[in-house]
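Visitor: I'm new to reading protein structures. Could you walk me through one?

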Amino acid sequence: MKVLLLKDPKDKDSGPDPYVKELGLYGLEATLIPVLSFEFISLESLFEKLSHPECYGGLVFTSPRALEAIKICLKENSKNEAWLKSLKQRWNTKPAYVVGKATASLVEEIGLTPQGEKSGNAEKLAEYICSREKPNSSALLFPCGALKREVLPTVLREKGIPLESLTVYQTTQHTDLQVSLSSYFAQQGIPASVVFFSPSGVKFCLQHVQKLSGDFINHIKFAAIGPTTAEAMEAAGIPVSCTAESPTPQDLAAGIQKALRLQNC
């Protein structure tokens, strides 16, 4: 059976995509279609803030893109030198809060130690941060996207924990999305399952998937990588057959396998 994953492939340098690999272990043939494009902005401002760890109580990352923004900054020799010479060490005396394993691994790549990676979503990460931070302490620096949800900032604000947000990327629809989806459905037919990985993915893809599936859309098991995406799917009128218990290839594959097995009982 075929599974359509509406997400960017993992970097080619790091081997096969873990979601494709894990679904393959269940005998499912997964295909990735990139949905989003990202434009990085305010990078000078980002590095200026990173240059003053003494002004902050720590860092918060809820997206791998925020780490990509930092990595772009560090490609400049002078900035990378400053980071390696002292900034990395100074930031390592403070917490780097993350949501999920993908973001945690990128935090480790820049030499910091992630905390809270088992949270899985912004709500749980906010609870984790509140359990460790004191009200009215130094602000946490939060590099984020233009479409960030307000859950985490709202919870922290209610608890009196200062958060300084900085928008470092904007999300747009991938230029090849419509062509890629049309090509997939023409060549592969209707997939047994379609997986959404973000509310933006729902926004940009749903209309195309509905049109290409036609009357067969009721045969598709729709899956979500987490509760936030599931909420966006439900709000758009999509029945959610499964939501991964945590945003990992293992949990997603197990959930899809279970949903497809129930369908065939």
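**Reading a model, feature by feature**

Guide: Let's start inside: Cys205 is buried, because its relative accessible area is 0% and anything under 20% counts as buried. Keep in mind that this is a predicted model.

Visitor: How many disulfides are there?

Guide: First the general idea: a disulfide is a covalent bond between the sulfur atoms of two cysteines. Here the count comes to zero. Take Cys144, which is in no disulfide: the nearest cysteine sulfur belongs to Cys73 and is 14 Å away. The cut-off for a disulfide is 2.5 Å between the sulfurs. Cys205 is in no disulfide either, and its nearest cysteine sulfur, that of Cys242, is 17 Å away.

Visitor: Is Cys144 buried or exposed?

Guide: Cys144 counts as buried, because its relative accessibility is 3%.

Visitor: Now helices. At what angle do α2 and α4 pack?

Guide: Helix α2 covers residues 43-50 and helix α4 covers residues 77-91. They pack at about 45 degrees, and their axes are 11 Å apart. That angle makes α2 oblique to α4.

Visitor: Which residues of the two helices meet?

Guide: From α2 come Glu44, Phe47, Lys49 and Leu50, and they meet Lys79, Leu87 and Trp91 of α4. Sort the residues of this contact by type and you get four nonpolar, three charged and no polar. It also helps to know how a helix winds: an α-helix has 3.6 residues a turn, so residues three or four places apart point the same way.

Visitor: Which residues of α3 are buried?

Guide: The buried ones are Arg65, Ala66, Leu67, Ala69, Ile70 and Cys73.

Visitor: What happens at the start of α3?

Guide: Look there for a side chain reaching to the backbone. A side-chain oxygen of Ser63 comes to within 3.0 Å of the backbone nitrogen of Arg65. Ser63 itself sits in the loop between β4 (58-61) and α3 (64-73).

Visitor: Is Ser63 buried or exposed, then?

Guide: Ser63 counts as buried, because its relative accessibility is 10%. If you skip its neighbours within four places in sequence, Ser63 is in contact with Thr103 and Tyr169.

Visitor: Loops look messy to me. Where is Pro95?

Guide: Try asking three things of any loop residue: where it sits, how covered it is and what it touches. Pro95 is in the loop between α4 and β5 (96-98). With a relative accessible area of 14%, Pro95 is buried. Leaving out residues up to four places away in sequence, Pro95 touches Gly57, Gly58, Leu59, Gln115 and Glu133. You can also compare separation in sequence with separation in space: Pro95 and Ile225 are 130 residues apart in sequence, and their C-alpha atoms are 26 Å apart.

Visitor: What about backbone angles? What is phi of Ser42?

Guide: Here you check the sign and whether the residue is a glycine. Phi of Ser42 is near 55 degrees, a positive value in a residue other than glycine. Ser42 is in the loop between β3 (36-40) and α2, and it counts as partly exposed at 34% relative accessibility.

Visitor: And what is phi of Asn136?

Guide: Phi of Asn136 is near 60 degrees, again a positive value in a residue other than glycine. Asn136 lies in the loop between α6 (122-132) and β7 (140-145). Asn136 is exposed, because its relative accessible area is 70% and the cut-off for exposed is over 50%.

Note on methods:
Residues are numbered from 1 along each chain as its sequence is written. This is a predicted model: local features need pLDDT of at least 70, side-chain atom pairs count only at pLDDT 80 or more; totals for chains, interfaces and linings use all residues. Side-chain values use heavy atoms; hydrogens and water are left out. Axes are lines fitted to C-alpha atoms, for helices over the stretch in contact, and angles run from 0 to 180 degrees between N-to-C directions. Helices (H or I, at least four residues) and strands (E, at least two) are DSSP runs, numbered from the N terminus. Angles under 35 degrees count as roughly parallel, over 145 as roughly antiparallel, 65 to 115 as roughly perpendicular and the rest as oblique. Contact means heavy atoms within 4.5 Å. Ala, Val, Leu, Ile, Met, Phe, Trp, Tyr, Cys and Pro count as nonpolar, Asp, Glu, Lys and Arg as charged, and the others, Gly among them, as polar. Buried means under 20% relative accessible area, exposed over 50%, partly exposed in between (1.4 Å probe, protein chains only). A polar contact is a pair of N or O atoms within 3.5 Å; within protein, one must be able to donate a hydrogen and the other to accept it, and residues adjacent in sequence count only if both atoms are side-chain atoms.
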